[in-house]
Amino acid sequence: MTYRPRFTIGVSLKMYFGHAEALRWFDRVAELAAGHPALLSGAAELFVIPSFPALPAAVERLTPAGVLVGAQDLFWEDRGAFTGEVSGAELAELGCTLAEIGHAERRRLFGETDETVARKIAAALRNGLTPVLCVGEADRTDPERAAADCIAEFDSAISAVEPGAAGRILVAYEPHWAIGAAEPASPAHIAGVTERLAAHVAAVPGYEGSRVIYGGSAKPGLLPKLGSAVGGLFLGRFAHDPAALAAILDETVQLAEVPA
Ligand SMILES: O=C[C@H](O)COP(=O)(O)O
């Protein structure tokens with residue numbers, strides 16, 4: 001089954017930009033998105049995940065251009081004495097529609113575990129936020145083993161979802177070793193993992209409409225090599241230049257003309 005938009009293109013700004021820099025980038029991306037044939041034709045949807053303090057400005061500047069906005073994390077409770085945390089309820093109130101959960105950097109640097117990821121997935125879904133669930137093998141291995149790791153992570157991540165609360169998830173396949181690198185994983189490796197992972201996700205009741213996107217040093221030129229093996233890309237550094245993001249959106253238009 002082909003879902004529309006055909007591709008999902010996301011950008012996480014991580015902690016790369018200061019506030020003024022983020023605002024300038026939002027304005028350039030809003031201008032790009034508002035007139036881009038990818039968004040107008042349904043070839044692509046675009047989401048942006050900035051730092052927490054930039055979220056209101058991102059919603060204000062990007063949403064009118066058809067760009068979705070999400071947060072880089074959320075807490076698993078909706079209210080209470082949790083100093084420093086941000087709830088899914090507040091994110092939804094701000095106009096966010098997505099929440100990134102379980103990025104490799106949060107696992108490696110901030111103690112994120114399978115258990116906390118599962119609680120956060122449940123929190124996102126009960127607050128109407130689409131989780132951007134990051135999965136991926138820690139060390140280089142073959143696609144079969146990498147896919148098995150990712151499938152186990154996915155199954156664990158949805159294990160705390162409340163009955164009746166299942167919903168669409170964007171599964172970002174990000175091999176840890178390809179994040180922050182010079183080049184992405186090879187197209188053959190990516191496809192070998194994403195096709196197995198997507199087949200698994202599609203067979204889990206309640207998660208219809210979910211899709212698998214690839215992240216980890218993704219840049220212009222990668223998507224045409226992957227074609228229908230992925231549902232899109234999750235970009236980091238290589239989207240800091242809006243021209244590179246425009247080039248990737250151009251690629252979605254060309255690929256959308258080819259039947260899935
Ligand atoms: O969240 C995005 C990914 O971790 C990719 O980042 P990167 O393209 O800078 O490696």
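**Notes on the ligand and the cavities**

1. Let's start with the ligand. A polar side-chain atom of H103 comes 2.7 Å from one of the ligand's oxygen atoms. Keep in mind throughout that this is a predicted model.

2. Which other residues make polar contacts with an oxygen atom of the ligand? R237 does, through a polar side-chain atom at 2.6 Å. S217 does too, but here a backbone N or O atom is involved, at 3.0 Å. As for exposure, the ligand on its own would show 300 Å², and the protein buries 100% of that.

3. Now the wider surroundings. The shell around the ligand is made up of S12, K14, H103, E174, I179, G180, G216, S217, F234, L235, G236 and R237. Sorted by character, these shell residues come out as three nonpolar, six polar and three charged.

4. Where does the ligand sit? You'll find the ligand in the largest cavity. That cavity has a volume of about 130 Å³. It is lined by 16 residues, and those closest to its centre are K14, G216, S217, L235 and G236. You've met these names already: K14, G216, S217, L235 and G236 also belong to the ligand's shell.

5. What is the lining of the largest cavity like? Its residues split into six nonpolar, seven polar and three charged.

6. How many cavities of 30 Å³ or more are there? The count is two. The second largest has a volume of about 30 Å³, and its lining consists of G102, A104, R107, C134, V135, G136, E153, E174 and H176. Here the lining divides evenly, with three nonpolar, three polar and three charged residues.

7. Which elements supply at least two residues each to the lining of the second largest cavity? They are helix α5 (104-110) and strand β5 (130-135). A104 and R107 in that lining fall within the span of α5, while C134 and V135 fall within β5.

8. One residue to look at twice is E174. E174 is part of the shell around the ligand, and E174 also helps line the second largest cavity.

Methods. Residues are numbered from 1 along each chain as its sequence is written. This is a predicted model: local features need pLDDT of at least 70, side-chain atom pairs count only at pLDDT 80 or more; totals for chains, interfaces and linings use all residues. Side-chain values use heavy atoms; hydrogens and water are left out. On a 1 Å grid over the protein atoms alone, a cavity is a set of points where a 1.4 Å probe fits but cannot get out, and a pocket is an open set with protein on both sides within 12 Å along at least five of seven lines; lining residues have an atom within 4 Å of a point. Grid points are joined across faces, edges and corners, and a volume is the space filled by probe spheres set on the points. Ala, Val, Leu, Ile, Met, Phe, Trp, Tyr, Cys and Pro count as nonpolar, Asp, Glu, Lys and Arg as charged, and the others, Gly among them, as polar. Helices (H or I, at least four residues) and strands (E, at least two) are DSSP runs, numbered from the N terminus. A residue is near a molecule or strand if one of its heavy atoms lies within 4 Å of it. A polar contact is a pair of N or O atoms within 3.5 Å; within protein, one must be able to donate a hydrogen and the other to accept it, and residues adjacent in sequence count only if both atoms are side-chain atoms. Accessible areas come from the Shrake-Rupley method with a 1.4 Å probe; for residues, only the protein chains shown count as cover. A molecule sits in a cavity or pocket if more than half of its atoms lie within 2 Å of its grid points.
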